[in-house]
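Please open the model in your viewer and keep the selection panel at hand. The tour goes from one selection to the next and says what to look for at each stop.

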Amino acid sequence: MEYVISVLLSGISVGGQYALIAIGYTLVYGILRLINFAHGDVFMVAGLLGIYLTAVLPIPVSLPLVIVFTVLLGFTIERAAYRPLREAPRMSVMISAIGVSYLLQNTATYVTGGQPMTYPTIPFLSDTVNVAGTQTKWVVIITPILVLILVTILSMLINGTKIGMAMRAVSKDFETSRLMGIKINLVISVTFIIGSALAAVGSNLFFTNYPAITPMAGAMPGLKAFVAAVFGGIGSIPGAVLGAFLIGICETIIKGLPSSWDVSVFSDAFTFALLIVILVFKPQGLFGEAAADKV
Amino acid sequence: MTEKKNYRPTILLIAGLLIFVIILENIRSVFPWLPQIFDPMSPLFTVLKKAAVYSLVAVSMNLLNGFTGLFSLGQAGFMLLGAYTYAILTVPSELKDQVYYLFGGCAFQFSIVDFFKGIFGAGGAGGAFSMVLGCIIALILAGTVAGFFAFLIGFPVLRLKSDYLVIATLGFAEILRAFFQWQRLGPITNGANMIKGFPTFSSFNITDGSGRTILQLSTFIPFLVTTICIAIIVLLINSSYGRAFKSIRDDEIASEAMGIRLFSHKMLSFVISSFFAGVGGGLFAMYVANAQAKAFTSTMTYELLLIVVIGGIGSVSGSVIATFLYVACSEWWLRFLDSEQYIGGFKVPLLRNGFRMVVFSVVIMIIVLFFSKGIMGNREINIAALLDRKKTGKDKAKK
Amino acid sequence: MKKIISVMLAGMMAFGLMACGSAGGAGGDTIKIGVFEPSTGDSASGGKKEILGMQYANSETPTVEAGGKTYKVELVYADNGSSADKAPSAASELVGKNVALVLGSYGSGVSMAGGPKFDEAGLAAIGVTCTNPNVTAGNDYYFRICFLDNFQADVLANFAMEKFGAKKAYCLGENGNEYDQGLVAFFTQVFEAAGGEVISDSFPTNNSDFTSYLNKAKSENADVIFTPVSIAYAKQIMEQAASLNIDIPFLGSDTLDDNMVLEATKDTNLRLYVSTFYQEGGSDTFDKGIKDYINNNSDALTANGGNDTISAVTAMGYDAYYVALEAIKAAGSGDKGAIKGAIPGVTWNGVSGSIAFDSQGDAVRDTAYIKTADTATGTWAFEKVQTGSAK
């Protein structure tokens with residue numbers, strides 16, 4: 001029983017961290033129809049920023065600064081690498097995204113020297129707590145709660161503000177909303193800002209839990225978060241969050257299955273197999289709108 | 001375009017190029033005073049070999065991405081299939097126990113090369129002939145296995161469009177990798193361990209009785225195989241199938257209305273592209289002299305994609321040129337960026353390990369952003385036209 | 001704009017070409033030793049420490065006398081990027097630079113990928129800490145000065161049974177990593193032959209959540225956890241084990257003998273035992289010398305992870321350098337063929353023990369050091385010298 005709880009706990013916390021990345025994917029995809037391959041690496045860079053900033057500044061100052069810098073990074077990437085290609089074929093933008101991802105990974109390798117970096121311990125979040133007989137970190141408990149709070153705020157923003165309305169309009173129909181006088185570039189910038197900010201929060205939670213950062217640390221969580229976004233129905237925020245939790249839990253359950261079955265190596269492969277199955281049978285995902293041109 | 005193409009100059013030029021490669025790698029044994037760079041072990045030849053292998057895979061990727069408009073990132077997965085097929089089939093039987101030492105030998109004792117040695121004799125010319133024949137058949141089978149898997153997964157994934165196809169093929173490659181690394185399959189795939197001991201490019205060097213090399217062919221072989229494969233791809237592109245592929249790329253709905261069966265053409269392109277990626281995988285195994293699933297990551301696919309983009313999506317000659325440039329830069333020319341350099345006692349700042357890749361990715365970003373057509377766009381080098389131009393002095397290229 | 005950029009690009013290319021052109025061409029009084037090590041990628045941390053040992057040895061003895069002539073020894077580096085894909089070109093870079101012999105690498109996979117290049121070029125390579133049996137098997141030109149994985153696994157299995165009376169072991173390795181899987185397989189053989197029970201799991205590459213595995217080990221009531229993984233994963237595992245408060249002893253292979261792993265165990269209740277090639281205190285002069293070297297050189301300090309704890313791989317790199325010098329002396333020149341012929345006969349009494357080669361080209365070694373992480377002080381404490389099962 002203790003074991004089952006511990007597996008579920010880590011599943012929920014992994015899922016929560018994926019959720020924060022998945023929102024960034026789903027927002028950007030909803031608006032630009034772009035798989036932002038660099039998003040996972042932005043997440044990794046946010047982790048590295050956390051390390052370098054907490055080394056020189058006290059934590060209450062450095063953590064907000066991490067968010068600010070990550071937002072700046074996301075904003076700059078969009079400005080420099082995606083905006084010039086707005087009129088280009090969709091594939092060029094995706095290639096550009098792969099290029100940015102490559103650049104971020106290589107720069108991180110250069111700066112860190114390719115060594116794994118240790119994420120600082122954050123008071124309270126890193127402390128251990130006992131849940132139903134299993135030891136865990138506070139961050140594991142906090143993550144799902146924080147995700148729910150952030151998603152609620154985000155939903156309010158999207159459903160209740162003018163910019164939110166613009167975002168919804170743009171994701172429905174890019175061209176028409178431009179004709180209606182919506183400042184497309186502003187909307188896209190805001191999308192990237194929100195996505196990056198959430199990625200920064202996600203990186204804080206993720207790396208507090210798994211404190212070693214390598215330049216490749218963002219790639220896998222990034223891809224999985226994307227799968228989560230597709231699973232939940234691309235463009236749908238509650239869908240992405242639910243998808244992320246489901247994938248996180250499935251993954252840890254697979255890892256936790258008896259060793260004699262020897263299937264734990266397929267925890268990543270499972271995610272991708274799930275993706276292919278969903279795309280084939282229910283391409284609009286759990287909550288996505290059925291649209292003819294999407295898949 | 002309607003005029004009949006004159007292939008003769010192209011064929012002559014390529015034949016000339018192949019002969020040039022043989023001369024290049026043997027020239028130092030005739031003139032030992034030539035600089036180190038002509039030594040068959042120098043980086044020049046490593047780069048040439050790797051680039052020859054990569055250019056085949058890049059062209060096969062271009063067939064799919066550039067000519068059919070199907071954006072797939074499964075290349076590494078198909079290369080993996082090819083590499084393992086080639087390796088498993090050609091490891092000599094007597095080496096299998098040593099290679100598969102963790103699993104008490106291979107479940108698959110058959111070795112194609114040994115099979116032919118049984119027919120043609122193991123020593124001298126018979127042995128050489130069996131090895132060459134065995135390798136050729138193994139490479140074809142490598143492609144076939146990759147093509148077959150492409151056929152299987154093509155049914156579900158080819159119904160997906162653009163980015164979804166991208167992510168599904170990427171995921172497929174990851175699943176394959178996990179399977180090939182699974183210890184349970186160890187007796188066949190050797191689990192995490194690499195398969196080695198099979199014939200590599202160097203095995204094609206002709207040696208005399210005492211084992212001294214008399215004719216280097218280790219760079220020529222990848223060039224030859226790649227040239228043949230690319231020629232087949234080019235013929236395909238210029239055929240009616242190729243025109244159908246291009247029309248699918250340009251407008252699916254219109255081409256369907258013109259009577260092109262979308263799915264079967266997409267499948268054909270996907271299977272053929274994967275076939276050659278599989279052959280490329282087999283060649284890659286020969287290049288690195290081992291087959292190990294760890295090498296075939298999504299990073300490899302990204303690299304190939306960037307090569308295709310740099311060369312120009314939809315240009316075979318562009319892909320080939322870009323491969324040689326890319327491989328030479330990343331493996332050789334830009335390596336100096338990774339170590340400290342002094343120019344006249346002044347230490348150049350920033351240069352240290354990893355800087356090469358940073359510069360490299362910046363260059364790639366610049367190309368993607370400012371030269372989105374790549375080196376060649378979707379044009380090809382037309383050798384016949386070039387020669388013609390020289391002869392008559394007419395500026396044909398201008399029209 | 002485009003023109004400017006293309007001119008810049010072309011300029012860079014040209015500069016690159018020039019730089020290659022100018023490389024190479026050393027004087028007749030220099031012997032070059034190639035260093036085939038990863039300084040990027042996931043084994044970079046280990047590779048850098050191994051290089052450190054060689055650099056220190058080189059600073060200590062920068063010349064060698066061979067055939068009545070004194071040569072200056074120059075280290076030439078090639079980064080194999082911890083990846084089997086980059087290794088062949090790094091290997092041929094060394095071949096192209098006319099080195100007399102090669103030292104390295106840390107990590108067996110890259111050694112096996114680069115090995116054929118050295119074999120083809122007739123260039124001898126001395127493996128420093130590549131422990132996989134297949135590195136030297138089938139390659140006449142690869143030698144090594146470290147023990148092999150089957151020996152190491154044997155040592156650890158015996159240690160687990162002697163020290164903890166272990167009956168049940170949980171093994172965790174990276175999927176697709178021949179080092180991890182090889183050790184787990186050998187460990188399983190020995191442990192099961194002695195009547196123990198082994199449960200093993202593999203995690204996918206780039207995995208970061210190990211809590212499920214650790215909880216599994218706990219719920220299965222394993223007596224020991226064997227984790228022969230690379231440094232980055234080992235660090236993750238230790239940190240997560242600390243937060244889960246796992247009190248089962250951990251056994252690690254030579255890769256875990258690293259400052260980063262040690263740091264992760266500091267101020268925790270973890271019990272970590274690693275088998276390794278060298279234990280600080282083995283040679284006082286070496287210890288003192290290398291510590292001074294590290295502390296007086298900021299690059300070396302960074303490479304060593306910011307402190308002066310001596311990694312076993314550093315000692316091995318140091319010994320490898322001296323074995324190379326012995327081989328050059330025995331060959332009487334910097335000729336690569338003569339050096340290859342001389343290596344099998346070389347013996348050297350190094351800081352990590354005496355080194356001699358068997359017919360396969362492997363070092364004859366019958367002991368390994370077991371050390372344990374002292375979690376209070378954050379240092380390694382010597383546990384015992386362990387031999388394998390009687391053969």
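The stops below go through confidence, a sheet, a buried strand, a single residue and two chain contacts.

Before selecting anything, keep in mind that this is a predicted model. Colour chain B by pLDDT to begin: the chain averages 85, and 92% of its residues score at least 70. Then select residues 393-399 of chain B, where pLDDT stays under 50 and the model has seven contacts beyond four places in sequence. Where pLDDT is low, the predicted coordinates should not be read in detail.

Move next to chain C and display its open sheet of six strands, which has the order 2-3-1-4-5-6 with mixed pairing. Strand 2 (63-66) and strand 6 (142-144) of chain C stand at the edges, each with a single partner strand, so one side of each is left without a neighbour in the sheet. From one strand to the next, the twist averages 35°. Within this sheet, select strand 4 (residues 101-103) and strand 5 (residues 125-127) of chain C, which pair in the parallel sense over two bridges; the bridge partner of Val102(C) in strand 5 is Ala125(C). Now add helix 12 (residues 312-331) of chain C, which packs on the sheet and touches strand 1 (30-37), strand 2, strand 4 and strand 5 of chain C, its direction making about 30° with that of strand 2.

Staying in chain C, select strand 11 (residues 272-276). Is this strand enclosed or open? Five of its five residues are buried, so strand 11 of chain C is largely enclosed by the rest of the structure. In a regular strand the side chains alternate between the two faces of the sheet. Here both faces are covered, with Leu272(C), Val274(C) and Thr276(C) buried on one side and Tyr273(C) and Ser275(C) buried on the other.

To see the partners of this strand, add strand 10 (residues 250-252) of chain C, which pairs with strand 11 in the parallel sense over three bridges, and look for Phe250(C), whose bridge partner in strand 11 is Leu272(C). With helix 9 (residues 259-265) of chain C shown as well, strand 10, helix 9 and strand 11 make a right-handed β-α-β unit. Strand 14 (residues 367-374) of chain C pairs with strand 11 in the antiparallel sense over four bridges, and there Lys371(C) is the bridge partner of Val274(C).

Go back to chain B and centre on Val327(B), which lies in helix 14 (residues 316-333) of chain B. Val327(B) counts as buried because it has 24 C-beta neighbours inside 10 Å. Leaving out residues up to four places away in sequence, Val327(B) touches Val47(B), Lys50(B), Ala51(B) and Tyr54(B).

Finish with the contacts between chains, starting with chains C and B, where 40 residues come from chain C and 41 residues from chain B. Helix 1 (2-22) of chain C gives the largest share of the side of chain C that touches chain B, namely eight residues. By class, that side of chain C has 19 nonpolar, 15 polar and six charged residues.

For the contact between chains A and C, select 30 residues from chain A and 31 residues from chain C. On the side of chain A that touches chain C, the largest share, five residues, comes from helix 1 of chain A, and by class this side has twelve nonpolar, 15 polar and three charged residues.

How values were computed
Residues numbered from 1 in each chain as written. Chains lettered and ligands numbered in written order. Predicted model: local features only at pLDDT ≥ 70, side-chain atom pairs only at ≥ 80, totals over all residues. Contact = placed C-beta atoms within 7 Å. Nonpolar A, V, L, I, M, F, W, Y, C, P; charged D, E, K, R; others polar. pLDDT = per-residue confidence, 0-100. Buried ≥ 20, exposed ≤ 12 C-beta atoms within 10 Å, placed from the backbone. Pairing = 2+ DSSP bridges. Right-handed = clockwise from strand over helix to strand, strands pointing away. Axes fitted to C-alpha atoms, helices over the stretch in contact; angles between N-to-C directions.
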